[in-house]
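Me: Please take a close look at the aromatic rings and the strands that carry them, and explain it slowly, since I am still learning to read structures. Once that is clear, please go on to a loop and to a sheet elsewhere in the chain.

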Amino acid sequence: MKPETKRTGYYGTGLIGSALLAVAACQAPEAAGPDITGLPHLTVSDTPTKARTEDGLYISWREHLIDDQQTNGGTAIRGGDGLAVADIDGDGYLDVVSVHEDSNHLRIAFGTHDPDIWENITIAEGDDVAAIEDVAIGDINGDGWLDLMAACEEAHLLYVQNPGQRPRTAPWPRIIPAITQKRGSWLRVFMADMDQDGRMDILAANKGTADIIDPLLPSAARPTSLFRLTGDPLLQSSWQEQILSQEVVPNTAMPVDIDDDGDMDVLVAARLRFEMAILETVDTRAEHGISVNAHPIIIAPGIAIPEGWHGASSAFQSVFADLDGDERKDLVLAVHETPQPIAGSALMAGLGWLKQPERLDEPWTFFRIGDTLPDIVAGIALADIDSDGDLDVITGGYSGLNILLGAYSGASRDEDDARVTAASTVGRIAWFENPGDARATWRRHDISRRVRGMYDAFIPVDIDDDGDIDWVATRGNSGVYDGVFWLEQVRTAEPQPAFTAGRSNDSRSLPLPPENWIDTYETEMTFIPPNKAGQD
């Protein structure tokens, strides 16, 4: 770390959040039982890394804690989910804004000259941020200070205004826009100047109800909305809503200039129907807001496929980037392919990318990146991890799921469930190495695999100023281990264990799943999330 170098800028996740899926057995990582040779399987963490940089150095990872109950003085944050990074207080150091869904906390970790020293504060808690899922950062009121906008699954949208000179100690004024209340479950929130008037607007997706997992529950079309401000954001009269589209369980409202024409378009999606569309902005000064044309995203295969193949995605987490060098933004996301060798739910979707067509009404071409089965692909982020000039992909999964049945497994979030084995769906972090030609075979590098873990958001930042990519991330489903952490990229001349934990005690570390994981996969399932079990 160079103390004189300050980390500046603003970074946000393209994603973040889910009602699917957040407490603690003090168990040190341990190896699994012996394999057929009689030798013990190494855990993923203890396995020597094979990942290498362009110049031949080995890449491993070291965990550093930013905010959790054990390091923040005892604040019991649970269900780490949405994440954004920016210099909130203007001191030149990056700060981390995080949301904690199960304990209803909106937090800021203020950075310092030392990336291992953070000042953590709660900005909002309780009913104001009930089941908070996502957060966005931007200067909403135009005073030069970055404000926050939160999406809450069991409540509303919340605007929180930066007080300016003393954001660590001064109260943050706030307002719950009345037009967002008693309307269901707000899942995602983004900021962009959609109407090109020089002010930030808010995009948000409302999925209807907090727990969308039981396919038999009633569902209805819900809005993906644009909120524009006509005055002081702390006044109810300033908030104006335009419904851009309606889907059954909207999943995202991501702004992107998809056609590079200078205005922002929007990615929308429907979770249960696995449908996506680009809302192309065609008029930013329409009478009642903006005017958009919808272009459904149809997936066509760019690979060899079996007869009857179908690919679909709900864009639960997704990132735009030009992966093939044609100067068009492609889309990286989880794609559910059918038929599959193993019958199961859409939670078995693998990681892939969609090549943007020349015209938005044409099909997008699908190429595989890889999978982490029986673990799921949830959080997704891109960066040049190995310094070879192309974009690699990191992904994280969720523990406590039954991917075959599309439900929860019933495994505890408070302690390591004795029923969980290496064949279970658990919390894995892995990254995929871009082969140079993104249509070729990507190589997976596993980082960590624990009994408990939910990794919904990653942001690439060189947090220790050593010239390589590190990651800031949240963790849920893990009890007292829930919170915020950063992964330091470590480069060495010789291979080291893939992952060094930030705690001496944590959820049990696991090896990779056996090839025949399906033979011992659990049969338990429930539609009730563990944090709500026993509630009326």
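Reply: In this predicted model, Trp353 is buried, and Phe367 is buried as well. To see how these two residues are placed relative to each other, it helps to turn to the aromatic pairs, of which the structure holds eight. In one of them, the ring centres of Trp353 and Phe367 lie 4.9 Å apart and the ring planes meet at 25 degrees, so this pair counts as stacked, the cut-off for stacking being an angle under 30 degrees. Trp353 belongs to strand β23, which covers residues 350-355, while Phe367 belongs to strand β24, covering residues 364-370, and the pair thus links parts of the chain that are 14 residues apart.

A second pair, formed by Phe458 and Trp471, is arranged edge-to-face, with 6.4 Å from centre to centre and 85 degrees between the planes. Because Phe458 sits in strand β31 (residues 458-461) and Trp471 in strand β32 (residues 470-475), this pair ties together parts that are 13 residues apart in sequence. Both Phe458 and Trp471 are buried.

Now for the loop: Ser409 is found between β28 (407-408) and β29 (427-433). Is Ser409 buried or exposed? Its relative accessible area is 7%, and since buried means under 20%, Ser409 is buried. Leaving aside residues up to four places away in sequence, Ser409 touches Gly400, Leu401 and Asn402, and also Glu522, Glu524 and Met525. Ser409 and Pro529 are 120 residues apart in sequence, yet their C-alpha atoms are 9.0 Å apart in space. Within the loop, the side chain of Ser409 reaches the backbone nitrogen of Ala411 at 3.2 Å.

Finally, the sheet. Strands of a sheet pair through backbone hydrogen bonds, and they may do so in a parallel or an antiparallel way. Here, four strands make an open sheet with antiparallel pairing, and their order is β7-β8-β9-β10. The edges are taken by β7 (132-138) and β10 (174-175), each of which has a single partner strand, so one side of each is left without a neighbour in the sheet. Strand β8, residues 147-152, pairs with strand β9, residues 157-160, in the antiparallel sense over four bridges. As a place to begin when tracing this pairing by eye, you can look for Leu148, which stands opposite Val160 in β9.

Methods. Residues are numbered from 1 along each chain as its sequence is written. This is a predicted model: local features need pLDDT of at least 70, side-chain atom pairs count only at pLDDT 80 or more; totals for chains, interfaces and linings use all residues. Side-chain values use heavy atoms; hydrogens and water are left out. Two strands pair if DSSP finds at least two bridges between them. Helices (H or I, at least four residues) and strands (E, at least two) are DSSP runs, numbered from the N terminus. Rings of Phe, Tyr and Trp (its six-membered ring) pair if their centres lie within 6.5 Å; planes under 30 degrees apart count as stacked, over 60 as edge-to-face and the rest as tilted. Buried means under 20% relative accessible area, exposed over 50%, partly exposed in between (1.4 Å probe, protein chains only). Contact means heavy atoms within 4.5 Å. A polar contact is a pair of N or O atoms within 3.5 Å; within protein, one must be able to donate a hydrogen and the other to accept it, and residues adjacent in sequence count only if both atoms are side-chain atoms.
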